[in-house]
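Work through the two exercises below with the coordinates open. Each task is followed by a stepwise solution.

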Amino acid sequence: MSTEDPILRDISRVTLQHYQDSAQSFRAGTWDHDVTQNIAALLRHIQGEAPFVLLDFGCGPGRDLCALKGMGHAPVGLDGCADFVAMAREASGCEVWQQDFLVLDLPAERFDGIYANASLFHVPRSELPRVLRQLHGALKPGGVLFSSNPRGENQEGWNGGRYGSYHDLENWTRLLENAGFRELEHYYRPAGLPREQQPWLASVWRKV
């Protein structure tokens, strides 16, 4: 992100402030959500022997960091909200980085997998190609990216104090392929419901 772009600065600032202001209630409202389907989708596609080095991109208060660590892996968290970073460190005991999604500083080829659950949709469409290339660069050769986002008709804008970018499968696929990924699978959540009652698009990608 250009530090001279006031629109992008405001998108980050206001969205992060929304989460900062609601950090405790967000934690209470999401801690018991069952995302085992998503964690399993990431892990089953990673090649090699466990334990895996993983990045929880947009880790929030640390729920999934705790799950991944409890499975014996070596997860690192990343979030832009200061209160979430503190919560995640305390809950998981993991290394957690405070980074704005639009101003990332990621190590090269460190991670076997990146888990981006309900996070990448906060990246404006104009910045997504760059952010996806940064995630690509942080993965080891053949590494795996999982993403789950609220699906839409390729619109973006403000929703209740947060900025969101909502993609259909065709557009999301184009973005990921252009960033150097190949699709491994996709599905809609929650499982077992009619499509109109499945607002989440989950997908898994390999770095190529």
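A polar contact is a pair of N or O atoms within 3.5 Å; within protein, one atom must be able to donate a hydrogen and the other to accept it. The model used here is predicted.

**Exercise 1.** Determine where Gln198 is placed, whether it is buried or exposed, and what its side chain meets.

Solution.
1. Locate the residue: Gln198 sits in the loop between β8 (181–189) and β9 (200–207).
2. Check accessibility: the relative accessible area of Gln198 is 7%. Buried means under 20%, so Gln198 is buried.
3. List the contacts, setting aside neighbours within four places in sequence: Gln198 touches Arg151, Tyr188, Arg189, Pro190, Ala191, Gly192 and Leu193.
4. Test for a polar contact: a polar atom of the Gln198 side chain lies 3.4 Å from the backbone oxygen of Tyr188. The cut-off is 3.5 Å.

**Exercise 2.** Trace the connections of strand β2 (residues 74–79) and state how far it is enclosed.

Solution.
1. Pair β2 with β1 (residues 53–57): the two strands run parallel and are joined by five bridges. Within this pairing, Leu54 has Pro75 of β2 as its bridge partner.
2. Follow the chain from β1 to β2: the path passes through helix α4 (residues 63–70), and this β-α-β crossover is right-handed.
3. Pair β2 with β3 (residues 96–98): three bridges join these strands, which run parallel. Here Gly77 stands opposite Val96 in β3.
4. Follow the chain from β2 to β3: helix α5 (residues 82–92) lies on the path, and this β-α-β crossover is right-handed.
5. Assess burial: five of the six residues of β2 are buried, so the strand is largely enclosed by the rest of the structure.

How values were computed: Residues are numbered from 1 along each chain as its sequence is written. This is a predicted model: local features need pLDDT of at least 70, side-chain atom pairs count only at pLDDT 80 or more; totals for chains, interfaces and linings use all residues. Side-chain values use heavy atoms; hydrogens and water are left out. Buried means under 20% relative accessible area, exposed over 50%, partly exposed in between (1.4 Å probe, protein chains only). Helices (H or I, at least four residues) and strands (E, at least two) are DSSP runs, numbered from the N terminus. Two strands pair if DSSP finds at least two bridges between them. A crossover is right-handed if, with the strands pointing away from the viewer, the path from the first strand over the helix to the second runs clockwise. Contact means heavy atoms within 4.5 Å.
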